[in-house]
Amino acid sequence: MGKKIQNQIKIVVAGPYAAGKTQFINTVSEIETVKTEARTTKSGEREVKSHTTVAMDFGKITIDDEHTLYLFGTPGQSRFDFMWDILGKGMLGLVVLVDSTDPSTFHEARKIINFFESRYPAPFVVGCNKQDLEGAWDPEDIRTALDLDESIKVLPLVALDKESVKNVLLALLEEIAKYI
Amino acid sequence: MAIAGNLEVFNFIDIFQILKKDKKDGILVVENENKKFAVYFKGGDILYIREVGKVFYIYLDVDFKKVLEKDHVSIDDLYRVLVAKLPLLLAVKKGKFSFTPGFIQYSSDIEPIIPIEKIIMYLSRQLSQEEVDRKISDLNLVFEKSDNWRQLAQKAHLTDIERKILNYVDGERTVKQIMEEAKVKQLTLQRALYGFLATGIITRKKKVKRKVGFNLTRNLLRKIVERIKGI
């Protein structure tokens, strides 16, 4: 008997730098997240270093003998939108993360949503990370800042907390169920 | 929870949009090295602006009439004071902001005079390319008018060119198509759309059909759900 072919299922976790996507993936992944990001040495700048042709993180969750769910984390900066294009194709759904304590990440998140919505309109949810920190914005205010209506789930999230990450993934799967 | 940040990355339009959406009452504090403003909101509209020497002064009084008394301002003077202070506030481009919901108590005879929609549209006409790109970052975006767009547009006091642009927003045309058909410059169009979005005159077009990029069966989806629940 030959080895069974593994079907790869893809969920994309997008978000600005430091929104917590690597942590989000790490929290539920069976493997240590494969990281391809590096922080810039310039203080105060939110950029990733330039060996970026493979700029993404990924983790995996085995579903059964034939299926593996991959969680791909994309960099948020629009100069990496070629990666968004590659990862957007064939994705099951999208999780967009924002740092609830940093409104500047809302703008970047909105750009990411704009990109995917106009090219790969898959089901998506927004995870408002760092809700455990002082100064975190309310998810409903973040919804308004992102110009999202009530049909999109905008959820509180603490990416360090397994149940919180599972809650966001399950919410995305609920959305996906509406379209199959 | 907090509504706080830095004006350089989150401008007044963005702040006003959030406060108007939930018709919030409270005080917005805007401060930089030189100035400290307290902006009093009622139902998401600006009622009064005062400059203070120290931020804690703002929280000495919970009764708005008491605040006016201290500033020697009568209710009849509110409009004049607001018109005088508004340009000073809106000229602040750098600094911190934070909004404290509630706290201040307004009597029922005090109502906002200038609709926030008008202020938002005024500000949107001055946005830079970098700022408009934050919201209107893609020429393929499609917008539609909201249910109460007429009422909001009236409050916003749109210019002729903005009215023309609004006519083209129909839930079908992309930003690019509007630009071509209305024959307007991209920045002008983006500024108008940014303002329309912030005032609530338009919304993003709702996706009726979303595409799941994998041949997913209900059975497999159930397996994925169970697997994630079990992590």
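Among the elements of chain B, which has the lowest mean pLDDT and which the highest? Colour the model, which is a predicted one, by confidence and select chain B to find out: α5(B) has the lowest mean pLDDT, 92, while helix α7 of chain B, residues 160-168, has the highest, 98. For chain B as a whole the mean pLDDT is 93, and 100% of its residues reach 70 or more. For the complex, the predictor gives an ipTM of 0.88 and a pTM of 0.88.

**Chain A and its sheet**

Select chain A next, and trace its five helices and six strands, which follow one another along the sequence in the pattern β-α-β-β-α-β-α-β-α-β-α. Of the 180 residues of this chain, 51% count as buried. Among contacts in chain A with a separation of 6 or more, 73% are between residues 24 or more positions apart.

Now show the strands of chain A alone, and read across the open sheet of six strands in the order β2-β3-β1-β4-β5-β6, where the pairing is mixed. At the edges stand β2 (57-62) and β6 (154-156) of chain A, and because each has a single partner strand, one side of each is left without a neighbour in the sheet. If you look along the sheet, neighbouring strands are turned against each other by 25 degrees on average, direction ignored.

Zoom in on β6(A) and on strand β5 of chain A, residues 124-129, which run parallel and are joined by three bridges. To see one particular pairing, select A:Cys128, whose bridge partner in β6(A) is A:Pro156. Then add helix α3 of chain A, residues 104-119, which packs on the sheet and touches β1 (7-14), β4 (93-99) and β5 of chain A. The direction of α3(A) makes about 165 degrees with that of β4(A).

**A loop residue of chain A**

Keep α3(A) in view and select A:Leu146, which lies in the loop between α4 (139-145) and β6 of chain A. Is this residue buried or exposed? With 21 other C-beta atoms within 10 Å, A:Leu146 is buried, because 20 or more such atoms are what a buried residue needs. Leaving aside neighbours within four places in sequence, show the residues that A:Leu146 is in contact with, namely A:Phe106, A:Ala109, A:Arg110, A:Ile113 and A:Val126. A distance label drawn from the C-alpha of A:Leu146 to that of A:His107 should read 7.4 Å, although the two are 39 residues apart in sequence.

**Chain B and its two domains**

Move to chain B and colour it in two parts, domain 1 (3-114) and domain 2 (118-204). The C-alpha centres of these two domains of chain B lie 26 Å apart. Where they meet, eight residues of domain 1 of chain B are in contact with seven residues of domain 2 of chain B. On the domain 1 side, α1(B) gives the most, with four residues, and by class that side divides into six nonpolar, two polar and no charged residues.

Select α1(B) by itself: nine of its ten residues are buried, so this helix is largely enclosed by the rest of the structure. The buried residues of α1(B) include B:Phe12, B:Ile15, B:Phe16 and B:Leu19, and also the charged-class B:Asp14 and B:Lys20. Just after α1(B), pause at B:Lys23, which takes a positive phi of about 50 degrees.

Another stop in chain B is B:Pro112, found in the loop between β5 (96-101) and α4 (116-124) of chain B. With 19 C-beta neighbours inside 10 Å, B:Pro112 counts as partly exposed. Not counting residues up to four places away in sequence, B:Pro112 touches B:Lys42, B:Gly43, B:Asp45, B:Ile46 and B:Leu47.

**Where the chains meet**

Finally, show both chains and select the interface, where 38 residues of chain B are in contact with 42 residues of chain A. On the chain B side, the elements that give two or more residues are β1 (3-6), α1 (12-21), α5 (129-135), β7 (202-204) and α10 (218-229) of chain B. The largest share of that side, nine residues, comes from α10(B). Coloured by class, the side of chain B that touches chain A shows 18 nonpolar, six polar and 14 charged residues.

Technical notes. Residues numbered from 1 in each chain as written. Chains lettered and ligands numbered in written order. Predicted model: local features only at pLDDT ≥ 70, side-chain atom pairs only at ≥ 80, totals over all residues. Contact = placed C-beta atoms within 7 Å. pLDDT = per-residue confidence, 0-100. Domains from an automatic or database assignment. Pairing = 2+ DSSP bridges. Axes fitted to C-alpha atoms, helices over the stretch in contact; angles between N-to-C directions. Buried ≥ 20, exposed ≤ 12 C-beta atoms within 10 Å, placed from the backbone.
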